[in-house]
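Please open the model in your viewer and keep the sequence panel beside it, since each stop below begins with a selection.

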Amino acid sequence: MFDSKGYTVRDGAVSQPARVLVAADKFKGSLTAVQVAERVTAGLRRIVPDLEVDTLPVADGGDGTVAAAVAAGFERREVRVTGPLGAPVTAAYALRDATAVVEMAEASGLQHLPAGVFAPLTATTYGSGELLRAALDAGARTIVFGVGGSATTDGGAGMLAALGARFLDADGKPVPPGGGGLSALATADLSGLDARFENVDLILASDVDNPLTGPKGAPAVYGPQKGATPEDVAELDKALAHYAAVLGPDLADAPGAGAAGGIGYGALVALRARFRPGIEVMLDVLGFAPALERATLVITGEGSLDEQTLHGKAPAGVAAAARAQGIEVVAVCGRLALPPEALGRAGIRRAYALTALEPDPAKCMAEAGPLLEQAAESIARDFLT
């Protein structure tokens, strides 16, 4: 417990001053991870004005990963690349020294599709390959490749094509872009792939361990989110199975192969990538361990705390790391769909949901900032005074 000035109190004795680490993900559709940290800090300091607060916005490899890296001190770099529909888009990656953080959604994500427009059979990851090449050109020798939030289901074929691979049909012509075009694949020529990947540590960072195809594969599980009909799902699954048969089926069932429409498979089979859970990678890259050493309380969170949270999402990773060091963790969220016992097993002492303050979902999302400050005030009262 803490006294009114924020000092920890154990057995009646005052020890180190309280220092809070705010390590939360974004509230999707409402607040970025940086904004979450700002709002939580503001609410805490209304109750404990002199409180020491460190902020470390986090991400698990999906959208928001580059922003988290930039908030941690990486340099943001922008390039023009090919979007999922073939039109140019502006995408960013993050660079510090010889380490780059590349987020495939920046080039090939759903955010680049017009509202209500999907292209499940033809969307391409070509721009993701261009983004990786830009990181190489900038001198990166370690690349954290965050995959998630994709508009694509092409097995990473577009990405590999941008890096020098050739995918040809029976007539020796390039197959059409997108996963649907892979059904015509006859030859995969990887001899022209950028040779620099032989000397680069490419880390596939994802919270998804699905295989490439099958009932739990990329088309079946994530295709509908990208506009795929049941017929499209069947076509994509067949096309990706054929693609894997041509490139090599050994890694089609590897963890991460089905991530982001199968781009994980392309990175694993052709770019020598190694898979790691996204939140573990990002905590390393962002410098979570030294920040945790200074903390006496950790606040984590994301928009929805639910069953998915427990399977590799950012709050679960933060809580696990903090629990290993004996540091108490509480969470903030927009919506809470986990019982207290599940939170406890994840290492989270208590969760504060914005819907408990404003039950109307639309209003809750619109007023997420002020509501989050109120939740942080409650945390300060409950844990810091």
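The tour visits two loop residues and then turns to the cysteines.

Bear in mind throughout that the model is a predicted one. Begin by selecting Asp97, which sits in the loop between β6 (88–96) and β7 (99–103). If you display its backbone torsions, you will find that phi of Asp97 is near 55°, a positive value in a residue other than glycine. Switching on the surface shows Asp97 to be exposed, with a relative accessible area of 72%.

Next, move along the chain to Arg272, which belongs to the loop between α8 (259–270) and β12 (274–277). Here phi is near 60°, and this value is again positive in a residue other than glycine. Arg272 is likewise exposed, its relative accessible area being 56%.

For the last stop, select Cys333 and ask where its closest cysteine sulfur lies. That sulfur is in Cys364, at 9.2 Å from the sulfur of Cys333, which is too far for a bond. A disulfide would require the two sulfur atoms to be within 2.5 Å, and a search of the whole structure finds zero disulfides. Seen from the other side, Cys364 is in no disulfide, and its nearest cysteine sulfur is that of Cys333, 9.2 Å away.

While both residues are still selected, consider whether they are buried or exposed. Cys333 is buried, with a relative accessible area of 0%, and Cys364, at 4% relative accessibility, counts as buried too.

Technical notes:
Residues are numbered from 1 along each chain as its sequence is written. This is a predicted model: local features need pLDDT of at least 70, side-chain atom pairs count only at pLDDT 80 or more; totals for chains, interfaces and linings use all residues. Side-chain values use heavy atoms; hydrogens and water are left out. Helices (H or I, at least four residues) and strands (E, at least two) are DSSP runs, numbered from the N terminus. Buried means under 20% relative accessible area, exposed over 50%, partly exposed in between (1.4 Å probe, protein chains only).
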